[in-house]
Number of protein chains: 2
Amino acid sequence: MTTSEALEQLAELQRTMHAYNHASGVIYYDAVTGAPEGGAQGRGETLELLSGVSFSLFANPQVGELLSYLKAHGEEIPPQKRREAEILSREYDNISRIPKAEYAAFNRLINDAGAVWHKAKRENDFASFAPLLEQIVGTLIRFAGYYDKDCDPYDFCLDEYEKGLSKATLDRFFSALREKLVPLLRKVKAAPQIDDSFLHKTYPIAKQREFSDFIMELMGIDRNDCSIGETEHPFTTNFNKHDVRITTKYVENQVASSLYSVVHEGGHALYELHTGDELAGTCLATGTSMSIHESQSRLFENLIGRSEAFTDRLFERLVSLFPEQLAGVTARDFYRAVNRCEPSLIRTEADELTYSLHIMVRYDIEKQLFSGEIGVADLPRVWNEKMEEYLGITAPNDTAGVLQDSHWSGGSFGYFPSYAIGSAYAAQIMAAMKRELDVDGLVREGNLSPITGWLTERIYRYGKAKDPEELLLIATGEPFNPDYYTDYLTEKFTALYGLK
Amino acid sequence: MTTSEALEQLAELQRTMHAYNHASGVIYYDAVTGAPEGGAQGRGETLELLSGVSFSLFANPQVGELLSYLKAHGEEIPPQKRREAEILSREYDNISRIPKAEYAAFNRLINDAGAVWHKAKRENDFASFAPLLEQIVGTLIRFAGYYDKDCDPYDFCLDEYEKGLSKATLDRFFSALREKLVPLLRKVKAAPQIDDSFLHKTYPIAKQREFSDFIMELMGIDRNDCSIGETEHPFTTNFNKHDVRITTKYVENQVASSLYSVVHEGGHALYELHTGDELAGTCLATGTSMSIHESQSRLFENLIGRSEAFTDRLFERLVSLFPEQLAGVTARDFYRAVNRCEPSLIRTEADELTYSLHIMVRYDIEKQLFSGEIGVADLPRVWNEKMEEYLGITAPNDTAGVLQDSHWSGGSFGYFPSYAIGSAYAAQIMAAMKRELDVDGLVREGNLSPITGWLTERIYRYGKAKDPEELLLIATGEPFNPDYYTDYLTEKFTALYGLK
């Protein structure tokens, strides 16, 4: 094999893997944005077959040889190609140890589990979902063992979403947050509460859709390359940088819900829409990790989206769309209302301050589930205990409790911590940006392009070409420092609630 | 190879082909129901790669050997398996002669052409679409030559959609229609025109969507297995009998447009929702031909949907949704309005009587294009000449003329005639049904299940297990006879317009 033959094979491999991922991705997107329920079984069969084929194409010795060859000849090939091979090697080492039939069966399992979970949530029936969840956890533990029979299976899961992340790091991170945020939350709860009742009047969905269009425009998201779908649990997906999909959910008496889901998913979308053109068609043409991705969505959702400069701009348009609902409400009232802090049941609707506590509930459960300290049957009970411990509230049923999130049904264990880490990255990135740009001033002008320009230059364009650690250093000039996050929250909520 | 090994391979082959078709089908469905426009190129690359893979899997000598083996051992295998092998053999004989790269490139070409056509139609720019159309026609002619270098390429295209159909048959069929329908239309045009202005008032789309739900329920379509999407050019697609998608388009001042597109597409859906369970997962689990499929959609759209029994039932609900728009309108007015006959520019909005004339315009053009009598550049001119000749009107621009339909951009030449043949089948099938069922009485009661039951028994359940000719014989007890169609139209429009 010559180097140029190897590079041609590398490109062909990525084109092929991309096509299968693209197909499965569209089938998934369709499944949750409008497909009839009856299609679940047939869809599962198709996804199983396709994932089996793409698994065989990737996890085969020829690919192993190609990747070894490229590693051995690293100095003869361009840096980007070397990086592509490196990323693929990581994945190859993970995946090639899993027997093909087990991999395909797992994909089918999570497809089935998605349908069962949907129904279980609707009918508050954890018991019907439990056997599938047990199979999912069992499979993930078994898969971790295929990688390294001595590894800690939960550390393995964490590392999959954020290279190098482990329980040791997270235990330290979360205990730091707990130390700063719990006393802060205690003070907030003792202060007079903010009135947000006007956000829960009736806001017709057709007008909310118009408002989403306004937000997309304000954020500078090109609708030619990014659509908005509607689904139960909003998410963003991307097939290439010219085909990104955000989703939202409209609730008539919760105008802030879809508003902030659009800003959040819009943040994810901006990242994917601005990866470097030179990365197109390669495994590098996407965000580098879950946490960095979440840092981008939360930077828009919270650091920008819940700043007074941004809420003032939103409010102007909101009043013109909903004059009756907002009669007598000021821009200041609106800013305070969307920042109201109150322990609540549903993670996706949690405020900025209590959000991390929701993550800690899930983190503790996942850790214990993977260590065998608790079993799936214990989940509803442990869920309630942890909610009581961290947030001081208990869900009235599993629908609003342990069944609320789709992640576990999709096999995503170790994913939740990335939301909290992402929020902390976001605060550090925003502090760096503010050293160079008048962020609030730009937002007040409705001129977000210098902001997305800065993010493109420092983060977006790199795609997966840099690991999170290096990227954060490039963007902010220093290693990860969670103080930015706790300082930001302390300052913001102290002012908002007039604390001492 | 033993017979049972061959049967296992036959099943595996069909499962695999189905998965690739399913994936491509969802990607296509997504493309026209909400995907951002920027995704066209990446989607084209993915579809090209997937179609290349599925082509290689199917058009390879091993499949040829398997199908030959099954043919040779036909008496040892169950009739259904024999039929599966027969259908696959027809496709194999067609497809295995096309070089893989050309097949994949054609799939990419039609994906690109779809995007170009959309833009060309929007901007009334036939010239931008012409080069792609030329490539499509050239490719189809070349492909026909691969099958049989002496065959007539247009006859080859016709046969692909309806086994055995040829120009000779169609020339006879259309001249019979011309002979009966042209004089009938002349009389209609001379009679006082029906007032349908109330159908063009403002009908808010949210309420039209509610009306679609009512129609689906009235037709007995299980929403668990069939969704309604929205698109520019309504169509139906199916991934299996529990995952069928109809689409419609809502226009505020054309309430009858989405109404009848839902009834039409619903007819397609009912067919796919009721193929026999024993056919599931095989190539037989779908409608047998384009014309039979159109017979089912048009039977619902026109024979049932535009009958007075059905329009009376619709009207009752329509009045409750749109009391202002329909103030002073009677059920009889509504029946007459949705049956109003008037030559118009857009095929999909043509009335029942002039519809076949639109098909004749396209048939004449396709025939001449494939024989080389005219070139792509002549299309706008020839289109206008034919419209003038058959319908007595001329399109003011290509958007409303030669660019109106998506079919050619998708490579579907030889498809249009199936609409006309399908209408004729529908009339013959309805005549047979009325010999056994009180169709109007059942419709008046809103009890359509004996009707779909009859169709399931005589048509739906067979899927592709029978060819169109045999199926029509089973359903109606006689071979194809277009007199039912011309008699039905003559009787209906004579009464409606009070003709002599």
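Here is a short Q&A on a sheet, the cysteines and one lysine in this predicted model.

Reader: In what order do the three strands of the open sheet in chain B sit?
Author: Start from the outside: β1 (226–230) and β2 (236–240) of chain B are the edge strands, each pairing on one side only. The pairing in this sheet is mixed, and the twist averages 20 degrees from one strand to the next. Reading across the open sheet, the order is β1-β3-β2.

Reader: Which residue is the bridge partner of B:Asn238 in β3(B)?
Author: Strands of a sheet pair through backbone hydrogen bonds, either parallel or antiparallel. Here β2(B) and β3 (residues 243–248) of chain B run antiparallel, and four bridges join them. The partner of B:Asn238 in β3(B) is B:Val244.

Reader: How many disulfides turn up over all chains?
Author: A disulfide is a covalent bond between the sulfur atoms of two cysteines. To count, a pair of those sulfur atoms has to lie within 2.5 Å. Searching the whole structure gives a total of zero.

Reader: Is A:Cys283 buried or exposed?
Author: The cut-off for buried is under 20% relative accessible area. A:Cys283 comes in at 19%, so it counts as buried. For B:Cys283 the value is 19% too, and that residue is likewise buried.

Reader: And B:Lys492, is that one buried or exposed?
Author: B:Lys492 sits in helix α20 (residues 483–496) of chain B. Beyond its neighbours within four places in sequence, B:Lys492 touches B:Asn302, B:Arg306, B:Tyr335, B:Asn339 and B:Glu352. Its relative accessibility is 10%, so B:Lys492 counts as buried.

Definitions and conventions
Residues numbered from 1 in each chain as written. Chains lettered and ligands numbered in written order. Predicted model: local features only at pLDDT ≥ 70, side-chain atom pairs only at ≥ 80, totals over all residues. Heavy atoms only, no water. Pairing = 2+ DSSP bridges. Helix = DSSP H or I, 4+ residues; strand = E, 2+ residues; numbered from the N terminus. Axes fitted to C-alpha atoms, helices over the stretch in contact; angles between N-to-C directions. Buried < 20%, exposed > 50% of the residue type's maximum accessible area, 1.4 Å probe, protein only. Contact = heavy atoms within 4.5 Å.
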